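Here is a quick tour for anyone meeting this structure for the first time. Take a look at the model, then read on.

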Amino acid sequence: MIEGKTALGVIAARGGSKGLPRKNVLPAGGKPLIAWSVAAGLGSALLDRLVVSTDDPEIAAAAQAAGCDAPFLRPPALATDEARIEDALLHALDSLDEPYDYIVLLQATSPLRRAEDIDGCLRRCIETAAPACVAVAEAAKSPYWMFELTGEDRLSPLLDGAGMRRHRQELPVAYLPTGAVYVAETGWFREKRTFYDPATAGYVMPADRALDIDSHHDLLVFEAMIAAAHGSNR
């Protein structure tokens, strides 16, 4: 609870995954991938309850084994490639008896997100009086240096072409959503069915905690980062 407001944390983890099959329950750093998000959610000082939204009994069991509530299964229609995560979150809200002032989405594919990122994003939302807040990290490359290919395979600047003639230090800092934490006022979210709006605030988290696991390569990177962290703590 924060300033008298309640917050529900929802770990989203559907069973189907084409890029990395069964990724949410794959061993990652010594435990199932989803267990990392459960640990972060349970470590939050501001979440009043943490539940998993999944269509998959194996994922639900892995989340429960890590200490997370699994009070329902997501309907298959809300777990397809075309299904919107926003609809799955509304299903989660409607499946619980108690109401919450804020909903906090934690994607299971962000294992390096910490409890402090969850609480920081929620605090930023409330302190800035924003209806929603999204965790972001500074982009490694500026979009001002990016191109698209025309039909004749010619390079066309994605943004203002003048950016190509400016030094990196002169370009605006660009931020990317990390996928780690999304916060929204529940009533506003029900109306808008999105976290993105001109009024949405941004919570900047370190880029080294923004890894989103969507491929075998991402998983290898995560394993290497965990091994390096353990080595430095010896």
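## The second largest pocket

Keep in mind that this is a predicted model. Let's start with a pocket whose whole lining can be listed. The second largest pocket is lined by Glu 138, Ala 139, Ala 140, Lys 141, Ser 142 and Trp 145, together with Arg 168, Gln 169, Leu 171, Pro 172, Val 173 and Ala 174. Sort that lining by class and you get 7 nonpolar, 2 polar and 3 charged residues. The space inside comes to about 230 Å³.

## The largest pocket

How much space lies in the largest pocket? About 360 Å³. A set of 21 residues lines this pocket, and the ones closest to its centre are Ala 12, Arg 14, Arg 74, Ile 85 and Gln 107. Its lining divides into 8 charged, 7 polar and 6 nonpolar residues.

## A strand on the inside

Ala 12, one of the residues closest to the centre of the largest pocket, also belongs to strand S1, which covers residues 7-12. Is S1 enclosed or open to the outside? All the counting points one way: 6 of its 6 residues are buried, so the strand is largely enclosed by the rest of the structure. Side chains in a regular strand alternate between the two faces of the sheet. Here, Ala 7, Gly 9 and Ile 11 sit on one side and Leu 8, Val 10 and Ala 12 on the other, and both sets are buried.

S1 also has strand partners. It runs parallel to S5 (residues 102-107), joined by 6 bridges, and Leu 8 has Ile 103 as its bridge partner there. S1 runs parallel to S4 (residues 49-53) too, this time with 5 bridges. In that pairing, Val 10 is matched with Val 51.

## A helix packed against the strands

Helix H3 spans residues 85-95, and its buried residues are Glu 86, Ala 88, Leu 89, Leu 90, His 91, Ala 92 and Leu 93. What do they pack against? The answer takes in the strands S1, S4 and S5, plus helix H5 (186-192).

## Two nonpolar cores

Nonpolar side chains tend to be buried together in soluble globular proteins. The largest nonpolar core in this model has 34 residues, and those touching the most other members are Ile 11, Ile 34, Val 104, Leu 106, Leu 122, Val 181 and Val 183. Helix H4 (residues 115-127) gives this core its largest share, 5 residues. There is also a second, separate core of 21 residues, which includes Ala 12, Leu 89, Ala 92 and Val 134.

Leu 106 is a good residue to click on. Leaving out neighbours within four places in sequence, Leu 106 is in contact with Val 10, Ile 11 and Ala 12 of the chain, and also with Gly 41, Leu 47, Leu 50, Arg 113, Ile 118, Ala 180 and Val 181.

## Two arginines with positive phi

Most residues other than glycine have a negative phi. Arg 22 goes the other way, with phi near 60°. This residue lies in the loop between S1 and strand S2 (27-28), and its relative accessibility of 29% makes it partly exposed.

Arg 193 also has a positive phi, about 55°, although it is not a glycine. Its place is in the loop between H5 and strand S10 (201-204). With a relative accessible area of 38%, Arg 193 is partly exposed.

## Two aspartates in loops

Asp 197 is found in the loop between H5 and S10. At 27% relative accessible area, Asp 197 is partly exposed. Not counting neighbours within four places in sequence, it is in contact with Trp 188 and Lys 192. Asp 197 and Cys 133 are 64 residues apart along the chain, and their C-alpha atoms are separated by 9.6 Å.

Asp 48 is in the loop between H1 and S4, and it is partly exposed as well, with a relative accessible area of 35%. Which residues does Asp 48 touch, not counting those up to four places away in sequence? They are Met 1, Lys 5, Thr 6, Ala 7 and Tyr 100. Asp 48 and Gly 15 are 33 residues apart along the chain, with their C-alpha atoms separated by 26 Å.

Notes
Residues are numbered from 1 along each chain as its sequence is written. This is a predicted model: local features need pLDDT of at least 70, side-chain atom pairs count only at pLDDT 80 or more; totals for chains, interfaces and linings use all residues. Side-chain values use heavy atoms; hydrogens and water are left out. On a 1 Å grid over the protein atoms alone, a cavity is a set of points where a 1.4 Å probe fits but cannot get out, and a pocket is an open set with protein on both sides within 12 Å along at least five of seven lines; lining residues have an atom within 4 Å of a point. Grid points are joined across faces, edges and corners, and a volume is the space filled by probe spheres set on the points. Ala, Val, Leu, Ile, Met, Phe, Trp, Tyr, Cys and Pro count as nonpolar, Asp, Glu, Lys and Arg as charged, and the others, Gly among them, as polar. Buried means under 20% relative accessible area, exposed over 50%, partly exposed in between (1.4 Å probe, protein chains only). Helices (H or I, at least four residues) and strands (E, at least two) are DSSP runs, numbered from the N terminus. Two strands pair if DSSP finds at least two bridges between them. Contact means heavy atoms within 4.5 Å. A nonpolar core is a set of buried Ala, Val, Leu, Ile, Met, Phe, Trp, Tyr and Cys residues joined through side-chain atoms within 4.5 Å.
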